[in-house]
Amino acid sequence: MVHIGNSWDDVLKDEFTAEYYLKLREFLKQEYSHYRVYPGMYDIFNALKYTPYEKVKAVILGQDPYHGAGQAHGLCFSVKKGVNPPPSLQNIFKELQNDLGIAPPPHGELTSWAEQGVMLLNTTLTVREGKPMSHKGQGWETLTDAIIKKLNEREQPTAFLLWGGHARSKAALITSPQHAVFTAAHPSPLSAYNGFFGCRHFSAANAFLERNGIAPIDWRIE
């Protein structure tokens, strides 16, 4: 049984015993035993571990984990210290600098954002090495849709940052009027110039939080 170690255990208890999740679990057992799969098994649920249900202020939604060695560690767009930031993350840092004047940090680990209440969630939480979207359609999307719906149910105003067509499609799950949905192109080099650069989502999210009496995010990474 999955053990997150915080409030998500209770919030998602019905999901982790549902038939779709049990099938997903069997699929993952086969994948991890026969292939190289990212992130490591103990990092799959880091987005939930670092950001308990009641602490979520903002959500950044990714698609599936990085599929190269040593990159993915369970937080969307993030890589551990010592790993070169991939192009999408470099573009996120460029937008952060243009928006808030924060210089690109010395590493690409976004743990400090997660610890402040920024849920860094991929819609698919695992991937086979070198094969992007290889775990799509196996059940992860059902779970992550449930996570978004559970966040939508909360009274606390939450900022949802949806980058790219896949993430934007999840806007339909966010129906409560107290939340804010910010959409833009994906930060990938293929699309960043089509509406990600200049979106100013970091300052917009903070302005939304402050309007609702919620402490803003310190987007600096030390």
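Which helix gives the most to the lining of the second largest pocket? In this predicted model, that helix is H3, which spans residues 19-34 and supplies 5 residues to the lining.

**View 1. The second largest pocket and the residues that line it.** This pocket has a volume of about 360 Å³, and 14 residues make up its lining. Tyr21, Arg25, Met41, Ile44 and Phe45 are the lining residues that lie nearest the centre of the pocket. When the residues of this lining are sorted by character, 10 are nonpolar, 1 is polar and 3 are charged.

**View 2. The largest pocket and the residues that line it.** The volume of the largest pocket is about 460 Å³, and 25 residues form its lining, with Asp64, Pro65, Tyr66, Ser88 and His186 lying nearest the centre. The lining residues divide into 12 that are nonpolar, 12 that are polar and 1 that is charged.

**View 3. The packing of helix H3 against helix H7.** Two packed helices are described by the angle between their axes and by the distance between those axes. For H3 and H7, the latter covering residues 140-153, the angle is about 130° and the axes are 9 Å apart. The two helices are therefore oblique to each other, and H3 passes H7 in a left-handed crossing. On the H3 side the contact involves Tyr20, Tyr21, Leu24 and Leu28, which meet Trp140, Thr142 and Leu143 of H7. The residues of this contact divide into 6 nonpolar and 1 polar, with no charged residue among them. Tyr21 of H3, which takes part in this contact, is also one of the residues that lie nearest the centre of the second largest pocket.

**View 4. The packing of helix H5 against helix H9.** Helix H5, made of residues 87-100, packs with helix H9, made of residues 201-211, at an angle of about 60°, and their axes are 8 Å apart. This angle makes H5 oblique to H9. From H5, the residues that make the contact are Ile92, Glu95, Leu96, Asp99 and Leu100, while H9 brings His201, Phe202 and Ser203. By character, the residues of the contact between H5 and H9 divide into 4 nonpolar, 2 polar and 2 charged.

**View 5. The cis peptide bond before proline 39.** The peptide bond that runs from tyrosine 38 to proline 39 is cis, and its omega angle is near -5°. Proline 39 itself lies in the loop between strand E1, at residues 37-38, and helix H4, at residues 46-50.

**View 6. The backbone at phenylalanine 77.** Phenylalanine 77 has a phi angle near 70°, which is a positive value in a residue other than glycine. In the chain, phenylalanine 77 belongs to the loop between strand E2, at residues 58-62, and helix H5.

Note on methods. Residues numbered from 1 in each chain as written. Predicted model: local features only at pLDDT ≥ 70, side-chain atom pairs only at ≥ 80, totals over all residues. Heavy atoms only, no water. 1 Å grid on protein atoms, 1.4 Å probe; cavity = no way out; pocket = protein on both sides within 12 Å on 5 of 7 lines; lining within 4 Å. Points joined across faces, edges and corners; volume = space filled by probe spheres on them. Nonpolar A, V, L, I, M, F, W, Y, C, P; charged D, E, K, R; others polar. Helix = DSSP H or I, 4+ residues; strand = E, 2+ residues; numbered from the N terminus. Axes fitted to C-alpha atoms, helices over the stretch in contact; angles between N-to-C directions. Parallel < 35°, antiparallel > 145°, perpendicular 65-115°, else oblique. Left-handed = near helix turned anticlockwise from the far one by under 90°. Contact = heavy atoms within 4.5 Å.
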